[in-house]
Amino acid sequence: MEETYLLNVEGVRKKILHGGRGELPKFQDGSKITFHFQTLKDDFERTVIDDSREAGIPMEIIVGKMFKLEIWETLLSSMRAGEVAEFWCDAIHTGMYALVSRGMRRIAEGRDPLEGQKHRCGMGNMFDYHSTGYDDLDELQRTPQPLIFIMELFRVEDPSAYKRDTWAMSKEEKLAAVPVLHSEGNRLVLRKEFGQAAAKYQEAVICLRNLQAKEKPWEDGWLKLESLVTPLVLNYCQCQLELGEYYEVLEHTTELLQKHNDNAKAYFKRAKAHAAVWNEREAREDFLRVAHLDPSMAAAVKKELKQLGERMRKKHVEDRKRYQGLFQQPR
């Protein structure tokens, strides 16, 4: 079955290779579309540029979330579940394909799709785009051209039918998700499932950081979100202490204290991490700082300092024995 017709979009032609089933799905904002795709050049050989089946994982996009290649949402919304269709798209629709393909290839290779773009201004990112790191994509970037997309639509899921990643949520959905994730993390801590609890706290922090990125630092909106972030980071660090991930705790507590240098709980957790990795001086300094900031924690600090002293004395004795053994002459 091959039926060719024009979509109601300039510069697009569609050919149905295999008919789908049922009615046309309802493509509403937030719906998740799952599909396989193949991208070909419009040349005599129909040169294959990308094929999602080679990676073995179908592609997913969320309707209304400004996917860089906007035409794909238009193409897919003309399909039924199970349908396979070929689309010819003029260059006016394919100019962003090289950048989209670059990101998908990096993900398939286990690399960060935003590598080289982090913490850089827009102009710096534009210079990155002069080379994608792939010769065939550089050619497409220099000379945009018509492309052929062969797509197989698997399913369209309503927003309520699947668990959305945090990036796909609206501001209201992210704010609503945070207390739920916080509560789930607390429940998992009570069950001593610290790895899973840490993941819940981390997901909640990501939701809030995404919202914070749209606020001006240290103004009211930013500060309100920061007040929600801080206890989540501390809970995350407590889980990492339980899991023995001490350097992870040092990293996150230090970052937190750079913004909030009066947070006694952050100093306390950092002190415990320092003690665990034998940083005696740093641990003592942080414990004493805790007692100064929060006198109600003085008893806990005294207990930790006593344990630290005992551990360090024991370590020094073991170290002396070890070194003596190294330099003793064999009989």
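## A helical salt bridge

Arg 281 counts as exposed in this predicted model, because its relative accessibility of 53% is over the 50% limit for that class. The partner of Arg 281 in a salt bridge is Glu 285, and the closest N and O atoms of the two are 3.1 Å apart. Glu 285 is partly exposed, with a relative accessibility of 44%.

Both residues belong to helix α11, which covers residues 280–293. Within that helix Glu 285 and Arg 281 are four residues apart, so about one helical turn separates them.

## The chain as a whole

The chain has 331 residues, and 40% of them are buried. Its secondary structure consists of 12 helices and seven strands. The accessible surface amounts to about 19,600 Å², and carbon and sulfur atoms contribute 52% of that area.

Among contacts with a sequence separation of 6 or more, 68% are between residues 24 or more positions apart.

## A salt bridge across the sequence

Side chains of opposite charge can pair when their charged atoms come close. The structure contains 19 salt bridges. One of them joins Arg 53 to Glu 152, with 2.2 Å between the closest N and O atoms. Arg 53 is in helix α1 (residues 52–55) and Glu 152 is in strand β7 (residues 147–157), so this pair ties together parts that lie 99 residues apart in sequence.

Are the two partners buried, partly exposed or exposed? Arg 53 is partly exposed, at 43% relative accessible area. Glu 152 is also partly exposed, and its relative accessibility is 22%.

## A network of charged residues

Four residues, Lys 32, Glu 60, Arg 155 and Glu 157, are linked in a network of salt bridges. Within this group, the side chains of Arg 155 and Glu 157 meet with an N to O distance of 3.5 Å.

The accessibility classes of these two residues can be stated individually. Glu 157 is buried, because its relative accessible area of 17% is under the 20% limit. Arg 155 is partly exposed, with a relative accessible area of 41%.

## Helix α3 and its surroundings

Helix α3 runs through residues 97–108. At 1.5 Å a residue, its 12 residues should span 16 Å, and the end C-alpha atoms are indeed 16 Å apart, so the two values agree.

The helix is mostly covered, with 10 of its 12 residues buried. The buried positions include the hydrophobic side chains' carriers Leu 99, Val 100 and Met 104, together with Arg 102, Arg 105 and Arg 106. Tyr 97, Ala 98, Ser 101 and Gly 103 are buried as well. What do the buried residues of α3 pack against? Their partners are the strands β3 (32–41), β4 (48–51), β5 (59–62) and β7, and the helices α2 (70–76) and α5 (135–142).

## The loop before α3

His 93 is located in the loop between β6 (84–89) and α3. A polar atom of the His 93 side chain lies 2.6 Å from the backbone oxygen of Glu 10.

Which other residues does His 93 touch, apart from its neighbours within four places in sequence? The residues in contact with His 93 are Val 9, Glu 10, Gly 11, Val 12, Leu 69 and Ile 71. Glu 10 therefore appears both in this list of contacts and as the residue whose backbone oxygen faces the polar atom of His 93.

Terms used: Residues are numbered from 1 along each chain as its sequence is written. This is a predicted model: local features need pLDDT of at least 70, side-chain atom pairs count only at pLDDT 80 or more; totals for chains, interfaces and linings use all residues. Side-chain values use heavy atoms; hydrogens and water are left out. Helices (H or I, at least four residues) and strands (E, at least two) are DSSP runs, numbered from the N terminus. Buried means under 20% relative accessible area, exposed over 50%, partly exposed in between (1.4 Å probe, protein chains only). Contact means heavy atoms within 4.5 Å. Accessible areas come from the Shrake-Rupley method with a 1.4 Å probe; for residues, only the protein chains shown count as cover. The expected span of a helix is 1.5 Å times one less than its number of residues. A polar contact is a pair of N or O atoms within 3.5 Å; within protein, one must be able to donate a hydrogen and the other to accept it, and residues adjacent in sequence count only if both atoms are side-chain atoms.
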